[in-house]
Amino acid sequence: MNSVTLFYQKHCSPFDRLFYFLLILTIAVGMLLSLINQVFTHFIGVAYANWRFFLVIPLLLGLSALSKLIKYDSPRVYNLIHGYSQYWVLIIANTMLLQGIQYTPFPTIDTTLAMIDQWLFFDTPQVLKWVYQHKLDAFLSFFYDSLTYELFFLPGIVGFFIPRSRFKRFLLAYLLATIAAEMIYYFLPTRAPASVFTSPYFSEVAQQTHIKFDAVHHAVKYLLPPGTGGLIAFPSLHVIVGIMYIYLCVDKRWLYFIIGTINVIIILATVMLGWHYLVDLIASIIISLACIYVSHRWVDHIENKAPA
């Protein structure tokens, strides 16, 4: 135990300490919300998280720690292994929080969001109709679904080519933005536009968001896979994550252009396919940019404070 403590004190940077603290806090909040449900509300949730994830976390942390041994001999490999391991611990911690927030006991705000969209002159059923009349649904759905592949592979690929400083800011901004979005959902839950508007153009998958919400909150077991449909409408995790991946690629112009183009289409698809309200998109952009700014300031403060 002493050797682990010594290794932590010697090799764990101030950023890593902050990052791991926030991850532990994320997992703890997710478990607390799940406990509140067990004691008080008794909703039947969807299995976003799995106890096996806890077995993977030590392996990822161990891999991240071992990468320190090649930090100076192979800095690019170190950046890849250390950063990508931390990224996957972040993703796992995020699923723990998702597990907890699905049990929100608060009333939904979809009617309010739909009214705000009206004030913004945005009509979801009419937009959906226009998309399907112009046969853009398959095109937009292809890009919308492609974010899953970015989630799995993009940070690992880009992490090899960019400086550690950029990846640190990406990790912290990603973590702060997703925590903010998920806690907003817990206190201001949503069931998505398909629960408010009537349109034959909502896809069956998009409708699963409110069907899944109703199943959880009526203590009915949801029979489809957990990833079917969505969870959070306001704000949009698709938009937030899409912006974060654009930010990750900003140092590589050719990749920045490609990912930027793809993810702008993904962001537009969130509202054009009826997954989100327009106000979801606006709120998500504000949250993303705010968290990137906070991440820059926070990391700069940590690095300037650290001894040379």
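Two residues are in contact when they have heavy atoms within 4.5 Å of each other. With that in hand, welcome to this structure, which is a predicted model. Helix 10 offers a good first example: Val239, Ile240, Ile243, Met244 and Tyr247 in this helix meet Leu281, Ser284, Ile285, Ile287, Ser288, Ile292 and His296 in helix 12. The points below start from that pair of helices, then turn to another helix pair, the cysteines, some buried residues and a few unusual backbone spots.

**Helix 10 against helix 12**

- Two packed helices are described by the angle between their axes and the distance between the axes.
- Helix 10 covers residues 237–248 and helix 12 covers residues 278–305; their axes come within 9 Å and cross at roughly 40°.
- That angle makes helix 10 oblique to helix 12, and the crossing of the two is right-handed.
- Sorted by class, the residues in the contact of helix 10 with helix 12 are 9 nonpolar and 3 polar, with no charged residues.

**Helix 8 against helix 12**

- Helix 12 also packs with helix 8, which spans residues 164–187; here the axes are 8 Å apart and the angle is about 135°.
- Helix 8 and helix 12 are therefore oblique to each other, and helix 8 passes helix 12 in a right-handed crossing.
- On the helix 8 side, the residues that meet helix 12 include Arg166, Lys168, Arg169, Leu172 and Leu176.
- On the helix 12 side, Cys291, Trp298, Asp300 and Glu303 are among the residues that meet helix 8.
- The contact of helix 8 with helix 12 divides into 12 nonpolar, 3 polar and 5 charged residues.
- Ile287, Ile292 and His296 of helix 12 are among the residues that meet helix 8, and these three are also among those that meet helix 10.

**Cysteines and disulfides**

- A disulfide is a covalent bond between the sulfur atoms of two cysteines.
- To count as a disulfide here, the two cysteine sulfur atoms must lie within 2.5 Å, and the count comes to 0 disulfides.
- Why is cysteine 249 not bonded to cysteine 291? The closest cysteine sulfur to that of cysteine 249 is the one in cysteine 291, and at 19 Å it is too far for a bond.
- Cysteine 291, likewise, is in no disulfide, with the sulfur of cysteine 249 as its nearest cysteine sulfur.
- Cysteine 249 is buried, with a relative accessible area of 0%, and cysteine 291 counts as buried at 10% relative accessibility.

**Three buried residues and their surroundings**

- Tyrosine 87 belongs to helix 4, residues 75–101, and is buried with a relative accessible area of 0%.
- Apart from residues up to four places away in sequence, tyrosine 87 touches Leu151, Pro155, Phe167, Phe170, Leu171, Tyr174 and Tyr245.
- One of these partners, phenylalanine 170, is 83 residues from tyrosine 87 in sequence, and the two are 9.5 Å apart in space, C-alpha to C-alpha.
- Phenylalanine 202 is found in the loop between helix 8 and helix 9 and counts as buried at 5% relative accessibility.
- Beyond its neighbours within four places in sequence, phenylalanine 202 is in contact with Thr124, Leu128, Pro193, Ala194, Phe197, Gln207 and Gly274.
- Phenylalanine 202 and proline 125 are 77 residues apart along the chain, with 8.5 Å between their C-alpha atoms.
- Threonine 104 sits in the loop between helix 4 and helix 5, and its 0% relative accessibility counts as buried.
- Setting aside neighbours within four places in sequence, threonine 104 is in contact with Phe43, Tyr185, Tyr186, Pro189, Phe213 and His217.
- The C-alpha atoms of threonine 104 and isoleucine 36 are separated by 9.7 Å, with the two positions 68 residues apart along the chain.

**Backbone spots to look up**

- Most residues other than glycine have a negative phi, and most peptide bonds are trans.
- Phenylalanine 234 and proline 235 are joined by a cis peptide bond, with omega about -10°; proline 235 lies in the loop between helix 9 and helix 10.
- Phenylalanine 121 is not a glycine, yet has a positive phi of about 60°.
- Is phenylalanine 121 buried or exposed? Phenylalanine 121, in the loop between helix 5 and helix 6, is exposed, with a relative accessible area of 80%.
- Alanine 192 also has a positive phi, near 85°; this residue is in the loop between helix 8 and helix 9 and counts as buried at 3% relative accessibility.

Terms used: Residues are numbered from 1 along each chain as its sequence is written. This is a predicted model: local features need pLDDT of at least 70, side-chain atom pairs count only at pLDDT 80 or more; totals for chains, interfaces and linings use all residues. Side-chain values use heavy atoms; hydrogens and water are left out. Buried means under 20% relative accessible area, exposed over 50%, partly exposed in between (1.4 Å probe, protein chains only). Axes are lines fitted to C-alpha atoms, for helices over the stretch in contact, and angles run from 0 to 180 degrees between N-to-C directions. Helices (H or I, at least four residues) and strands (E, at least two) are DSSP runs, numbered from the N terminus. Angles under 35 degrees count as roughly parallel, over 145 as roughly antiparallel, 65 to 115 as roughly perpendicular and the rest as oblique. A crossing is left-handed if the near helix is turned anticlockwise from the far one by less than a right angle, and right-handed if clockwise. Ala, Val, Leu, Ile, Met, Phe, Trp, Tyr, Cys and Pro count as nonpolar, Asp, Glu, Lys and Arg as charged, and the others, Gly among them, as polar.
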